[in-house]
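This report is written for a reader who wishes to go through the charged pairs, the strand pairing and the surface of one protein chain. Please keep the sequence and the coordinates at hand while reading.

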Amino acid sequence: MGEEILEKIKENVEKEPYVKLFGIKILELKPGYCRAQMKDHNNLHFTTHGGAIFSLVDIAFGAAGNSYGYIMVALNVSINYSRPSNSGDVLTAVATEISRGKTIGIYNIIIKNGHNKIIASSQATGFIKNERLPFLN
């Protein structure tokens, strides 16, 4: 996979309105791998909202799965929250490909705070379509 294609994928992910809403940045993108980051989004008790953490997971997973230039869509994503993230935390998600076949990809995603403590862990399965990402055509 050429660096220019990975850069184009990164740019297109960061242009998505939903990604902008959460202020998520792609720090690193390689085939089957993504490191993404966002600042906390507090809930009523001043810890990071679980939905915001899940969104970071989903973006990192999606970027890693689509990093080959072919459309991959989520089939299943599960998440385990292990500790709260506090106000002011910067969260980093690392999505790593575990397995990739012709139609199925499996990924582990770990989310850590700025103190390198695990906030949540996730496993995701995606369906790989035999279609290029539209902006690569």
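What follows treats the salt bridges, then the strands and one loop residue, and finally a surface patch.

The model is predicted, and the values below should be read as computed from its atoms.

**Salt bridges**

In general, side chains of opposite charge can pair when their charged atoms come close. The structure holds five salt bridges, and three of them are set out in the table with the distance between nitrogen and oxygen.

| Residue pair | N to O distance |
|---|---|
| Lys-10 and Glu-14 | 3.5 Å |
| Arg-35 and Glu-28 | 3.4 Å |
| Glu-97 and Arg-100 | 3.9 Å |

The pair Lys-10 and Glu-14 belongs to helix α1, which covers residues 3-15, and the two residues are four apart, about one turn of the helix. Glu-14 has a relative accessible area of 19%, and it therefore counts as buried, since the cut-off for that class is under 20%.

Arg-35 and Glu-28 are part of a network of salt bridges that also takes in Lys-30. Arg-35 has a relative accessibility of 27% and is classed as partly exposed, and Glu-28, with a relative accessible area of 27%, is likewise partly exposed.

In the remaining pair of the table, Glu-97 is partly exposed at 21% relative accessibility, while Arg-100 is partly exposed with a relative accessible area of 25%. Besides its salt bridge to Arg-100, Glu-97 stands opposite Tyr-107 of β5, which leads on to the strands.

**Strand β5 and its partners**

Strand β5 is paired with two strands: eight bridges join β4, residues 90-100, to β5 in an antiparallel arrangement, and nine bridges join β5 to β6, which also run antiparallel. The connection between β4 and β5 is a hairpin with three residues between the strands, whereas the hairpin of β5 and β6 has five residues between them. Within the turn of the latter hairpin, Asn-116 has a positive phi of about 65 degrees. Among the bridge partners across β5 and β6 are Ile-111 and Ala-120, the latter lying in β6.

Which side chains of β5 are buried, and which are not? The side chains alternate along the strand, with Gly-105, Tyr-107, Ile-109 and Ile-111 pointing to one face and being buried. Ile-104, Ile-106, Asn-108, Ile-110 and Lys-112 point to the other face and are not buried.

**Asn-113 in the loop**

Asn-113 is placed in the loop between β5 (104-112) and β6 (118-132). Although it is a loop residue, Asn-113 is buried, with a relative accessible area of 11%. A polar atom of the Asn-113 side chain lies 2.9 Å from the backbone nitrogen of His-115. When neighbours within four places in sequence are set aside, Asn-113 is in contact with Asp-89, Val-90, Leu-91 and Ile-119.

**A nonpolar patch on the surface**

Val-73, Leu-75, Ile-104 and Phe-127 form a nonpolar patch on the surface, and together they have about 320 Å² of accessible area. Of these residues, Ile-104 has already appeared among the side chains of β5 that point to the face where they are not buried. Val-73 is found in strand β3, which covers residues 70-81, and with a relative accessible area of 37% Val-73 counts as partly exposed.

Conventions
Residues numbered from 1 in each chain as written. Predicted model: local features only at pLDDT ≥ 70, side-chain atom pairs only at ≥ 80, totals over all residues. Heavy atoms only, no water. Salt bridge = Lys/Arg side-chain N within 4 Å of Asp/Glu carboxyl O. Buried < 20%, exposed > 50% of the residue type's maximum accessible area, 1.4 Å probe, protein only. Polar contact = N/O pair within 3.5 Å; in protein donor to acceptor, adjacent residues only side chain to side chain. Contact = heavy atoms within 4.5 Å. Pairing = 2+ DSSP bridges. Patch = residues over 30% accessible without salt bridge, like charges linked within 9 Å, V, L, I, M, F, W, Y side chains within 5 Å. Areas by Shrake-Rupley, 256 points an atom, 1.4 Å probe, with all protein chains shown as cover.
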